[in-house]
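Hello,

Here is the structure for your files. Please open it alongside this note; my findings follow below.

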Amino acid sequence: MSAGSLSCAGKPGLPGNALIRVLWLVAFGSAIAFAGTDTLDAVSGEGAANDFSATGASVGDDCAAIGGTATSATQNNNLSVPIANSAKTDPVISKIKVRAYAYSNGNGQFETSVFSGTDRDGATKHNLTGSYSYYDDTWVNNPFTTSAWTWDDINALEAGGRTDKTTGNPNIYVDQVEVVVFYTAEPVITGRSAAANLDSDISQRTDGSGILDLYYEVSDADGGTVDISMEYWNGSTWSSPAWANLAGDTGAVSATSSSTDRQIIWDADGDLGAVEVTGYNLQIIADDGTNQDTVKRSANDQAIDTRAPTGYGCLTPTHGTDWPGPRPTLRSSLGSDQNTISYRFEIDTSGNAFSGGHYQGSGWQSAANTWTPDADLNVGDYYWWRVDAKDLFGNEGGFANDTFDFQVSPWRPNLVIDSAKQTSTDGTGMVTLYYDLTDPTTDICTLAVQYSFDNSTWKMAHIGNVSTGDTNNAGVDDSTTRGQIHNLATDIADETFAWDSKSANNQGGAFTGEDATVWLKGIPRDENEYDGELVVSLSFELDNRAPQSVVQHYPADAASGLPVTAILRCTQGTDQNDREYYFEIADNAGFTGSENSGWQGDTTWDPSIVGGTTYYWRVRARDNPCGNTGSFGAAYSFGTLSGWSYGPVGGCTAPAVNIDSARVYVGSDDGYVYAINTVDGTPDWSYQAKTSAVDIGNVTVVYLSNRPAIYFTDADAKLHAIWDNGSGATAKFSSVDLGNQTMSDPMPDPYGDSVYIMYQNRGYKRSGVNGGAIWETGNIAPDLARAPIVDNASVYFPRGGGIQRFLLDGTSHSTASYGSEGHIGIWSGTLYIPNGNYVYAVDAGMVSSGKTGYTAANLGGATTGIIMADGGVFYTSAGAVVKQVNAATGSETDTYTLPGGASTAYMPVVSEDGTRVFLGSDLNKAYALDSNLDPVSGWPKDIGVGEYIPNQPAVDGDKQVVIFTSDDGGGTGNVYGYAY
């Protein structure tokens, strides 16, 4: 054991160079033995090493008197220094002893003491002699707790003493204060190495026995024997089972220091059975019989493995199969074990496998689950094979599958098909196949290629081109070829060949149809005439046929009277791929100078055509992406409408169009209403409304497209309605007498079964079925009446003195002070009123009498009315000028002045698509302007000499025809139709 020293320098009452020595007992027994002596810190030249007399010394030099002087000592000076901490915790303490080395030149005394905190316990006062001697006292129990000493007590203990005298003033010298601790020694266990644990001293044998060897060394300073036991950690507690298979140095073992290389032999297999665990920790315990136990354990989890590997077995070659080549690689499935597995393979030629040894074997191979025999096997022979496995500790599972056999076949080329698909986009029907080809001995190979439409019946394929090798299609058509592709050097990858599916040289001839599931397969052959396995591609689509049943749909062959906006149409046709179409049109049957659509996905095409022309057109189709192109169908012809006229009849009124039946209705002062075909001008029927020439006046026809009735008035202030029966007309009601000669045009209600009309000083709402009265207004001034207009809540009666508004039930009204001198318009909640040279914008609710919008620019003459167009634009005319005005701002955007001396531009009309503005003039011309008020090519149209067009035209937007009516001032007029 070691000794610890403490300097007493600076402690009150203690010489500056004195030492306190704490000695641990190094031998068992009651006798006190000290481990050598210490050299005290004497000053050179100041006496012997252990002599601290104060002769000639001054205070602070060497070991001066405790009292602070060399000649006297003060009674009860204390000596107190803490002892060094002990790292010991287990050994049992029997007693402690405190002693001092001191002398006095007179009657000095010294009393040893122990201290705890501020308490002191002193022993007998020892009378000192004239030379240095030891004086000691013993404490069996801790005087402060009255219990046995503990190591915590020792670590907290201070020891020292007190000086005293009997008489006189002696000098007292104290050289050493020592504390001796008596305890029983504990056994000591170590491994054979200097490691802090037993990890390197524990090992499992590798012979498959399942035995673990534990090596250790033990000693005990007390001598005798110790009891050795072993425990293991099961993951939660240390336990000590009744080991049935524990041998070696366990139980009573000699503890002399010469007892080394102890060994415990544990048969883990016998105690635990076949297990695989990684969570075992082991510890060895030595007990010397005095409750002094010492433990030495492993620091890390110990892997105990007494179970053989599982899960291994013959994998390839599989049982009963052929193996290509004389040097097969035998492969075992991977076994399962917590440690590295070794495998060994055996192969035999005997039909009674391995009965007489084996033909070849691998021996044990660490972690290698494959083996290739050292010598070639015989092609055509059968071989049996098996595999065994063991782990690092020699736990062997035994051979598995010793009935597995295979037959050795020759080395054969191996073909891998990556993909096959039709790649031609020009209708040539080429199919490209991508492949890899290898051969174990890198032989030169050939490749035979076949195709099938059902994956059952196969035919030889004509090869169009190859990326490597040579092509020879001889014998393909009659299936006598042995391969179409030759001189293929192996190994190769990412190569291609193309099958010419439309070649007549294919076995079975050219394929000109289409099929959604086609297969190719290849059969490789090496130069030794060994065939590899045939490989079939995934199915792919093949399309070698142009789209079918593509029919020219519109216009029908020999159609006539088509508008110049006619759109060509064809049917989609059928094909397994997408289709594209190519239209062609010309003004001659030879298609010289033709126009075409180019290839497009749409089945319609809008060509550039003009009126009054006969055209020829045709169409063809191709599929996409294969590029199979069909031929043009037979050429169809059609004629376009240039213009027509009907008449003369009496003076004509404004036309009204029934788009559903492609008819235009015109009233005439000859007493008739005419229904005329808008496409060619042929009359469909006429209806005699008046029989007396005296009664004939201005007849106005109004048509509402969703109501099969035509309303009109006559000069006798009568309201009429007739049915259009398709082939004729029937009176719905006739000659409803309104009792006044001044009457507006009637306006059917688009939101109900009624009609609105104004005459002289009243507005009426009449039944649309029988003309009966629904309601009438009061006197709204005897001014010039214009046709009313209707929105979804109100009806507006325009007059020269103002606009009168009524709710549709006739109960409420308001007035705008701006009177209308022409037809009014309404858009987005605003009324547009032509008045004199201006147009006023007024809130449609007319909640105030003044204008609420703007005043349009001076139109330069009395306006004839307004026609509204989508997008907030209105058109109006004054004099010979047509104006286009932004309805939101009132600013003019475009202006057109009629040329040639015309003085009046009558009220315009806008086509349904907003691209054309039509109007007539007083100079026998009909005009068509675009949306910028620029003249349309081919316009104006001349009508009969001396005629003028005083009425608003009508537009058949479906047939792209505009209809004008004329007057010659003498009671005669005509009806004109023009394609636009």
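**Aspartate 388 and its surroundings**

Not counting its neighbours within four places in sequence, aspartate 388 is in contact with Tyr312, Ser342, Tyr343, Arg344, Trp364, Glu396, Gly397, Gly398 and Phe399. Please bear in mind that this is a predicted model. Aspartate 388 sits in strand 28, which covers residues 382-391. Is aspartate 388 buried or exposed? Its relative accessible area is 0%. Buried means under 20%, so aspartate 388 counts as buried. One of its contacts, Gly398, also deserves a look for its backbone. A polar atom of the aspartate 388 side chain lies 2.7 Å from the backbone nitrogen of glycine 398.

**The chain overall**

The protein chain has 980 residues, and 48% of them count as buried. Its secondary structure comes to 2 helices and 79 strands. Take the contacts in the chain with a separation of 6 or more: 58% of them are between residues 24 or more positions apart. The chain exposes about 41300 Å². Carbon and sulfur atoms supply 45% of that area.

**Cis peptide bonds**

Most peptide bonds are trans. Here are two that are cis.

- Threonine 316 and proline 317 are joined by a cis bond, with omega at about -5°. Proline 317 is in the loop between strand 21 (313-316) and strand 22 (321-324).
- Glycine 647 to proline 648 is also a cis bond, with omega near 5°. Where is proline 648 found? Proline 648 is in strand 49, residues 644-650.

**Positive phi**

Most residues other than glycine have a negative phi. Two residues to check against that background are asparagine 487 and alanine 558.

- Asparagine 487 is not a glycine, yet its phi is positive, at about 60°. Asparagine 487 belongs to strand 36, residues 485-488. With a relative accessible area of 48%, asparagine 487 is partly exposed.
- Alanine 558 is not a glycine either, and its phi is positive, at about 70°. This alanine lies in the loop between strand 41 (552-554) and strand 42 (559-562). Exposed means over 50%. Alanine 558 has a relative accessible area of 57%, so alanine 558 is exposed.

In short, aspartate 388 is buried, asparagine 487 is partly exposed and alanine 558 is exposed.

Best wishes

Conventions:
Residues numbered from 1 in each chain as written. Predicted model: local features only at pLDDT ≥ 70, side-chain atom pairs only at ≥ 80, totals over all residues. Heavy atoms only, no water. Helix = DSSP H or I, 4+ residues; strand = E, 2+ residues; numbered from the N terminus. Buried < 20%, exposed > 50% of the residue type's maximum accessible area, 1.4 Å probe, protein only. Contact = heavy atoms within 4.5 Å. Areas by Shrake-Rupley, 256 points an atom, 1.4 Å probe, with all protein chains shown as cover. Polar contact = N/O pair within 3.5 Å; in protein donor to acceptor, adjacent residues only side chain to side chain.
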